[in-house]
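Q: I am new to this structure and would like a close look at one part of it. Please start with the overall picture, then take me through the details.

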Amino acid sequence: MQDEKIIYRLDDNISFRKCSLYDGGQIKHGDCTNYTKREVNWREYCFCEQDGIHLHCTKDPEVELEVDNSGIALYLTCPKCKNKILLESVRSVYSRCQKLLNMELFKDAKLVRLDDWYTHEIKEKINLPSDYWITAQVKTDKDGDTIVILYVGKKGQKDKSQFFIKPEKLQLTSDHKDLDPSSILSKIEVTLKDRTLTQKFDGND
């Protein structure tokens, strides 16, 4: 069974695909149409000359675009529909394609902070019958311990207070870079299995 062929749409004029040599040199060139052969460890391998990315016509996606640099300007042209696409450089188009591929590659990646390493697990926005909103996230840090992050704010305002609850480490902290908790809350209390963590806020401070 052959691998499924995928054409990615870049814009109204240009689409693209990853060729057989996208991940590196291979003994056979596969569906790559612009490759060179080099000897590696006394064996001949094929390598793509354009980063494994091949540009296709969006209107006729089965047709690979051709580079036309015969004049002063640089164009991509479609042999079928004769569409001409003015370019600054082909390399910049490859970069745009790679950025789209990276979005697919990293969409489920772990979020790395400068001071920790979190894995996203649960996110829920809690609707309250009041003038306030709460969003809760549950994540796992680099030690495998749970972190509950609470965002609390007033409805209609972007500013928020942020609280970090670490049950295994028995910690309750707030982020000083966000809104002062005393402007929203008078107290936050977290009940754990064997203890209760409490922080009180004096709005007069």
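What is the mean pLDDT of the protein chain? And what surrounds histidine 56 in strand β5?

A: This is a predicted model. The mean pLDDT of the protein chain is 82. In total, 85% of its residues reach 70 or more. Confidence varies along the chain. Strand β5, residues 53–57, has the highest mean, at 95. Strand β9, residues 111–112, has the lowest, at 55. Where pLDDT is low, the predicted coordinates should not be read in detail.

Now the layout. The protein chain has one helix and 16 strands. It has 205 residues, and 33% of them count as buried. The chain exposes about 14,400 Å². Carbon and sulfur atoms supply 48% of that area. Take the contacts between residues at least 6 apart in sequence: 31% of them join residues at least 24 apart.

Next, the part you asked about. Histidine 56 is found in strand β5. Its relative accessibility is 5%, so histidine 56 counts as buried, the cut-off being under 20%. The side chain of histidine 56 reaches the backbone oxygen of proline 61, at 2.8 Å. Leave aside the neighbours within four places in sequence, and histidine 56 still has a list of contacts. Ile7 is one of them. Asn13, Ile14, Ser15, Phe16 and Arg17 are also on the list. So are Pro61, Glu62, Val63, Glu64 and Leu65.

Phenylalanine 16 deserves its own look. With neighbours within four places left out, phenylalanine 16 touches Ile53, His54, Leu55 and His56. Its contacts also include Ile6, Ile7, Tyr8 and Leu10. Cys97, Leu100 and Leu101 complete the list.

That leads to the nonpolar core. The largest one has 19 residues. Those with the most contacts inside it are Ile14, Phe16, Leu55, Leu65 and Leu87. Several elements give two or more residues to this core: β2 (14–18), β5, β7 (74–77), β8 (84–87) and α1 (90–106). Helix α1 gives the most, with five residues. A second, separate core has 13 residues, among them Leu150, Val152, Ile165 and Leu197. In soluble globular proteins, nonpolar side chains tend to be buried together.

Now follow the chain past β5. Aspartate 60 lies in the loop between β5 and β6. At 10% relative accessibility, aspartate 60 counts as buried. Leaving aside neighbours within four places in sequence, aspartate 60 is in contact with Cys78, Lys80 and Cys81. With lysine 80, aspartate 60 forms a salt bridge between side chains, at 3.8 Å from N to O. This pair links distant parts of the chain, as lysine 80 sits in the loop between β7 and β8 and aspartate 60 in the loop between β5 and β6 (66–68). The two residues are 20 apart along the chain, and their C-alpha atoms are separated by 7.5 Å. Lysine 80 is exposed, with a relative accessible area of 52%.

Other charged pairs occur too. A search of the whole structure finds 12 salt bridges. Side chains of opposite charge can pair when their charged atoms come close. In one such bridge, the side chains of aspartate 31 and lysine 5 meet at 3.3 Å, N to O. Aspartate 31 lies in the loop between β2 and β3 (35–40), and lysine 5 in the segment before β1 (8–9), so the pair ties together parts that are 26 residues apart in sequence. Aspartate 31 is partly exposed, at 24% relative accessible area. Lysine 5 is exposed, at 61%. Salt bridges that share partners join Lys5, Arg17, Asp31 and Glu64 into one network. Arg17 and Glu64 in this network are also contacts of histidine 56.

One further bridge joins aspartate 145 and lysine 169, whose side chains meet at 2.6 Å, N to O. Aspartate 145 is in the loop between β11 (132–140) and β12 (146–154). Lysine 169 is in the loop between β13 (160–166) and β14 (171–174), and the pair is 24 residues apart. Lysine 169 is partly exposed, with a relative accessible area of 30%.

To return to the start, histidine 56 is buried, and its side chain reaches the backbone oxygen of proline 61.

Conventions
Residues are numbered from 1 along each chain as its sequence is written. This is a predicted model: local features need pLDDT of at least 70, side-chain atom pairs count only at pLDDT 80 or more; totals for chains, interfaces and linings use all residues. Side-chain values use heavy atoms; hydrogens and water are left out. Helices (H or I, at least four residues) and strands (E, at least two) are DSSP runs, numbered from the N terminus. Buried means under 20% relative accessible area, exposed over 50%, partly exposed in between (1.4 Å probe, protein chains only). Contact means heavy atoms within 4.5 Å. Accessible areas come from the Shrake-Rupley method with a 1.4 Å probe; for residues, only the protein chains shown count as cover. pLDDT is the predictor's confidence in each residue, from 0 to 100. A nonpolar core is a set of buried Ala, Val, Leu, Ile, Met, Phe, Trp, Tyr and Cys residues joined through side-chain atoms within 4.5 Å. A salt bridge is a side-chain nitrogen of Lys or Arg within 4 Å of a carboxyl oxygen of Asp or Glu. A polar contact is a pair of N or O atoms within 3.5 Å; within protein, one must be able to donate a hydrogen and the other to accept it, and residues adjacent in sequence count only if both atoms are side-chain atoms.
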